[in-house]
Amino acid sequence: FFSPHQEVVSEESEEESNGVNLMEFSDEILLHILSYVPCTDLVLNVRRTCRKLATLCLDKSLTHTVLLQKDYKVNKDKVKQLMRDIGKEIYQLNMAGCYWLPSSTIDHVTRCKNLVKLNLSGCHVTSLRLSKMLSSLQHLRSLAIDVNPGFDASQLSSECKATLSRVSELKQTLYTPSYGVVPCCTSLEKLLLYFEILDRSREGFMLSGQLMVGESNVPHYQNLRIFYARLAPGYVNQEVVRLYLAVLSDRTPENLHAFLISAPGSFAETGATKNLLDSMARNVRLDALQLPKAWINGSGLLQHLKFNNPFYFSFSRCTLSGGHLIQRVINGGKDLKSLTSLNLSGCVHCLAPESLFRKAEDDIDSSILESLVVSCCNLRHLNLSAAHHHSSESIGNHLCQLLSRLKHLLSLALPVCSITDVAASVEKPPTTPNVVPQTFGKKVRIGIPTYPRNLGDQANQKVESSVFWALMGSLRFLETLEIIGSSFSSAMPRNEPAIRNSLPPCVRAQSVGDSEVAAISQLTYLQSLTLAQLPNILTGSGLVNIGLQCQHLRTLSLANLGMMGKVVYMSALMDMLKHCRCLRDLRLEQPYFCAGAQFFQALSHCSSLQRLCIVSRSGTLQSDAVMSFMASCLEVIMCHMFMGESLTVCKNLQQSIVRSFQAERPALNVVIFPLLHEDLTEVIRDVPMRHLDEITLFKSRVAEEPPNLWW
């Protein structure tokens, strides 16, 4: 924005060059412009350019909240200088995910005497450093920290505990069985818990979910309004969360209005959890709800829970039928105008009247979806992925046509088979000679069709015939879109070896390809796009349209497009990347992907790119091309490549990148490793949680959490 020693151009020379003098703008306009500049640049660089900017850069509107969480260029010295210059003016400080900063950096936070909110998730903080820091932050009310192995609550001073007793909002990420600082927070109103404890130590020993000695103190939940727990896979995480829930089951807080537990796999209900849910049904009215599938499936719980003005529901992976959804949750269409976020991912029967005798591939009941759309007309985030939602041939009742009524949608996740036109879908092969196929649409022609070169011509061809094209045209303000195959699974699960074989795509999805991808280009404000398991991608021509039209695109994730034995869309992808000037995160998962010179040359056009992840079984890479790319794209701080190359090739390239660029890029994180190597899980556990959770691991992120759960 401004260089440290740049002089402000005189009015005369400015008028000669541009006719506009930036310094003649009002203070309000300049403050708005400066709000887009990282705080470190404002304080350490911009304010040194002239007297006017020296004053404006220290305005309270710019120093009140300092966000360092994605300022990958910040280092210890910059943080030290920043705290020295404006520490007393900072009321909210977010350093989440600053994994590259040494733990001693936290010592400088003590200068921020007026801090009210502090986020240190992903930072290295010991018990003693935390105690020293919190002892000086008497006004703190909101705190986010990690609890790592070696954490000892007995090392917290009385002054530190006094500060914690006034904290009303706590976010705690646990990497070891512990209560952390929860027992010290006697005024908690919001508690967010992230359980990332591994079942085995690095040495291979099984870990126990029992808390450490000296942690007999119990949490204080009497003022709790929001309880949220997200569990990574593993038995130990389930053991530890039950200890946190045990106190809740004894006495449910009267003001509890959001209760959310996100647990993968099977998380069985116990007597204590049943008592907790029964107590909640009697004593509280909820605004947000998410429960493990085993707690909902087969129970009448939803009949008894009471809701006030709900804004978030998640029934992910539950066997909840559409009939129960309408009767027990949507309440026949009443009182759901407040709902803004709904997650039905993996809820295979949620659009069918009943689930007892229904197959997952059967057609949906459009009346259930219509009731949902009418009742929840203010939805902003909707996730229907990981299920087969097949529309019938009824005119006007296609899933895409019904969803087009949700004009407020900002993020949407759909299975691939749900967006296909019924008449155009591939015929199912008859099981016997006398069985009539379910649809009579024209079969997909083998070969490469001719696509219109002009986007307008393509739009004219598709707007009347494609329900998905019409849906994209009606959701012009959509920012996040995920189209994921209902049977897709990533080759890189969390704590297991890489998956070697993937399930075939749904038969209804066989016709979804380039023209549907081209329809997405209508989303002018699209910022995040995920496409996975689109089997009929033949050239990838639609990707070029997206690159040209979606100029706000920041995150792109492509997985298993077209045939698996060849990357058929490589040429189109390279053309697309030349137009993605704002792209920051790119994730590619495709067998036999060749990360060579041409690919990296095209990727070098993405001048804003920060994070790259490539997952490819039997994939190859060119080390020289990777090094040239890293040298030309100065913003890249994360390079994860899991390919088919040998361990020696991977290690040599990783060491070369770190040796060449680590000094000038303090946040640089490089992992290059054979995808099918037996030690992959050990390598994954060292990846910073920010990258692992946001890009390296594939998952649907729409309505994953309530909106604005944490700042």
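Begin by selecting Glu694 and Arg690, which both lie in helix α25 (residues 689-696) and stand 4 residues apart, about one turn of the helix; helices here are DSSP runs of H or I with at least four residues, strands are runs of E with at least two, and both are numbered from the N terminus. This is a predicted model, in which local features need pLDDT of at least 70 and side-chain atom pairs count only at pLDDT 80 or more, while totals for chains, interfaces and linings use all residues. Residues are numbered from 1 along each chain as its sequence is written, and side-chain values use heavy atoms, with hydrogens and water left out.

**The α25 pair and its network**

With side chains displayed, Glu694 and Arg690 meet in a salt bridge at 3.5 Å, N to O, the term being reserved for a side-chain nitrogen of Lys or Arg within 4 Å of a carboxyl oxygen of Asp or Glu. Side chains of opposite charge can pair when their charged atoms come close. Glu694 is partly exposed, with a relative accessible area of 28%, whereas Arg690 is buried at 16%; buried means under 20% relative accessible area, exposed means over 50%, and partly exposed is in between (1.4 Å probe, protein chains only). Extend the selection to Lys70, Asp585 and Arg611, which are linked with Arg690 and Glu694 in a network of salt bridges.

**Two further salt bridges**

A search of the whole structure finds 19 salt bridges, and two more of them deserve a stop. Select Lys73 and Glu635, whose closest N and O atoms are 3.2 Å apart in their salt bridge. The pair links distant parts of the chain, 562 residues apart, with Lys73 in the loop between β1 (65-67) and α6 (76-86) and Glu635 in the loop between α22 and β21 (638-643). Lys73 is partly exposed, with a relative accessible area of 48%, and Glu635 is also partly exposed, at 28%.

Next, select Lys52 and Asp27, whose side chains meet in a salt bridge of 3.8 Å, N to O. Lys52 lies in helix α4 (residues 51-56) and Asp27 in helix α2, so the pair ties together parts that are 25 residues apart in sequence. Lys52 has a relative accessible area of 30% and is partly exposed, and Asp27 counts as partly exposed at 35%.

**A nonpolar patch**

From Asp27, move to Val20, Phe25 and Ile29 and switch on the surface, where these residues make a nonpolar patch of about 230 Å². Patches are made of residues with over 30% relative accessible area and no salt bridge, with nonpolar side chains (Val, Leu, Ile, Met, Phe, Trp, Tyr) joined within 5 Å and like charges within 9 Å, and the accessible areas come from the Shrake-Rupley method with a 1.4 Å probe, only the protein chains shown counting as cover for residues. Phe25 is found in the loop between α1 (11-17) and α2 (27-34), and its relative accessible area of 30% makes this residue partly exposed.

**Contacts between C-alpha atoms**

Select Pro38, in the loop between α2 and α3 (39-44), which is partly exposed with a relative accessible area of 37%. The C-alpha atoms of Pro38 and Leu67 are separated by 7.6 Å, although the two residues are 29 residues apart along the chain. Then go to Lys80, placed in helix α6 and counted as partly exposed at 35% relative accessibility; Lys80 and Asp107 are 27 residues apart in sequence and 9.0 Å apart in space, C-alpha to C-alpha.

**Two loops with positive phi**

Most residues other than glycine have a negative phi. Select Tyr592, in the loop between β17 (585-589) and β18 (594-595), where phi is positive at about 65° although the residue is not a glycine; at 42% relative accessibility, Tyr592 counts as partly exposed. Ser618, in the loop between β19 (611-615) and β20 (620-621), likewise has a positive phi, near 65°, and counts as partly exposed at 40%.

**A helix pair to finish**

Finally, select residues 623-632 and 647-661, which form helices α22 and α23 and pack at an angle of about 20° with their axes 11 Å apart; axes are lines fitted to C-alpha atoms, for helices over the stretch in contact, and angles run from 0 to 180 degrees between N-to-C directions. That makes α22 roughly parallel to α23, since angles under 35 degrees count as roughly parallel, over 145 as roughly antiparallel, 65 to 115 as roughly perpendicular and the rest as oblique. The crossing of α22 and α23 is right-handed, the near helix being turned clockwise from the far one by less than a right angle, where an anticlockwise turn would be left-handed.
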